[in-house]
Amino acid sequence: MTEDVTQEETWLTQEAFDRLSQELEHLSGPGRAEIAEKIEAARDEGDLKENGGYHAAREEQGKQEARIRQLELLLQSAKVGSSDSDGKTVSPGSVVTAKVAGNDMRFLLGSREIAGDSDIDVFSEKSPLGAAVLGVAVGGKTSYEAPNGKEIKVEVKGIEPFSG
């Protein structure tokens with residue numbers, strides 16, 4: 001079975017790109033060696049059917065390989081630089097201040113990877129809220145349908161570029 005994967009461009013700050021590149025370099029180099037050593041040490045303990053350490057190391061290896069593939073795809077499609085946000089309309093890399101269903105919210109439109117250790121909420125451009133606000137100007141009103149079928153009203157109050 002083959003899977004068609006279409007990777008869209010992802011906006012990243014230079015800091016986020018560098019951080020993710022370093023993570024990829026570690027995971028695909030020293031990280032792989034560390035996992036291989038753990039698997040080999042666990043294998044030396046004997047019967048693999050009942051060897052919890054071996055199975056845990058193999059599971060960790062699977063998660064690490066998945067993260068490597070995720071980072072490779074993300075970095076291949078990355079657009080590095082400053083946000084396209086002009087402060088007039090919502091775009092990837094914008095920090096949006098909005099009234100959502102009557103509640104004030106402030107969030108980054110983009111990838112969780114951009115925010116790094118920041119505690120700002122992040123919504124993908126593909127999420128219902130993200131798709132609804134994308135391209136909306138300050139003062140603009142829009143809405144989106146929640147999973148329960150309710151219409152959620154959104155008013156964009158402010159837009160600023162994410163500085164990381």
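**Figure 1. The salt bridge of Arg106 and Glu160 in the predicted model**. Glu160 is partly exposed, at a relative accessible area of 36% (buried means under 20% relative accessible area, exposed over 50%, and partly exposed in between, with a 1.4 Å probe and protein chains only). Its partner Arg106 is also partly exposed, at 45%. The closest N and O atoms of the two residues are 3.4 Å apart, where a salt bridge is a side-chain nitrogen of Lys or Arg within 4 Å of a carboxyl oxygen of Asp or Glu. This pair links distant parts of the chain, with Arg106 in strand 4 (residues 103-109) and Glu160 in strand 7 (residues 151-161), 54 residues apart. Helices (H or I, at least four residues) and strands (E, at least two) are DSSP runs, numbered from the N terminus. The model is a prediction in which local features need pLDDT of at least 70 and side-chain atom pairs count only at pLDDT 80 or more, while totals for chains, interfaces and linings use all residues. Residues are numbered from 1 along each chain as its sequence is written, and side-chain values use heavy atoms, with hydrogens and water left out.

**Figure 2. Two further salt bridges, Glu65 with Arg32 and Glu59 with Lys63**. A search of the whole structure gives 9 salt bridges. In one of them, the side chains of Glu65 and Arg32 meet at 2.8 Å, N to O. Glu65 belongs to helix 2 (residues 52-76) and Arg32 to helix 1 (residues 14-43), so this pair, 33 residues apart, links distant parts of the chain. Arg32 is partly exposed, with a relative accessible area of 36%. For Glu59 and Lys63 the N to O distance is 3.5 Å. These two residues are 4 residues apart in helix 2, which means a separation of about one helical turn. An α-helix has 3.6 residues a turn, so residues three or four places apart point the same way. Lys63 is exposed, with a relative accessible area of 57%.

**Figure 3. Helix 2 and its buried residues**. The 25 residues of helix 2 should span 36 Å at 1.5 Å a residue, and the end C-alpha atoms are 36 Å apart, which agrees; the expected span is 1.5 Å times one less than the number of residues. Buried residues of helix 2 are Tyr54, Ala57, Gln64, Arg67, Ile68, Leu71, Leu74 and Leu75. Their cover includes strand 1 (10-12), helix 1, strand 2 (78-80) and helix 3 (112-115).

**Figure 4. Surroundings of Arg67 in helix 2**. Arg67 is buried, with a relative accessible area of 18%. Its side chain is joined to that of Glu23 by a polar contact of 2.8 Å (a pair of N or O atoms within 3.5 Å; within protein, one must be able to donate a hydrogen and the other to accept it, and residues adjacent in sequence count only if both atoms are side-chain atoms). Leaving aside neighbours within four places in sequence, Arg67 is in contact (heavy atoms within 4.5 Å) with Leu20, Glu23, Leu27 and Glu113.

**Figure 5. Surroundings of Val100 in strand 3 (residues 94-100)**. Val100 counts as buried at 6% relative accessibility. Residues up to four places away in sequence aside, Val100 touches Met105, Leu129, Tyr144, Ile152, Lys153 and Val154. Between Val100 and Val154, 54 residues apart along the chain, the C-alpha separation is 4.6 Å.

**Figure 6. Confidence and residues 1-7**. The mean pLDDT (the predictor's confidence in each residue, from 0 to 100) of the protein is 84, and 90% of its residues reach 70 or more. Over residues 1-7 the pLDDT is below 50, and this stretch has 3 contacts in the model beyond near neighbours in sequence. Where pLDDT is low, the predicted coordinates should not be read in detail.
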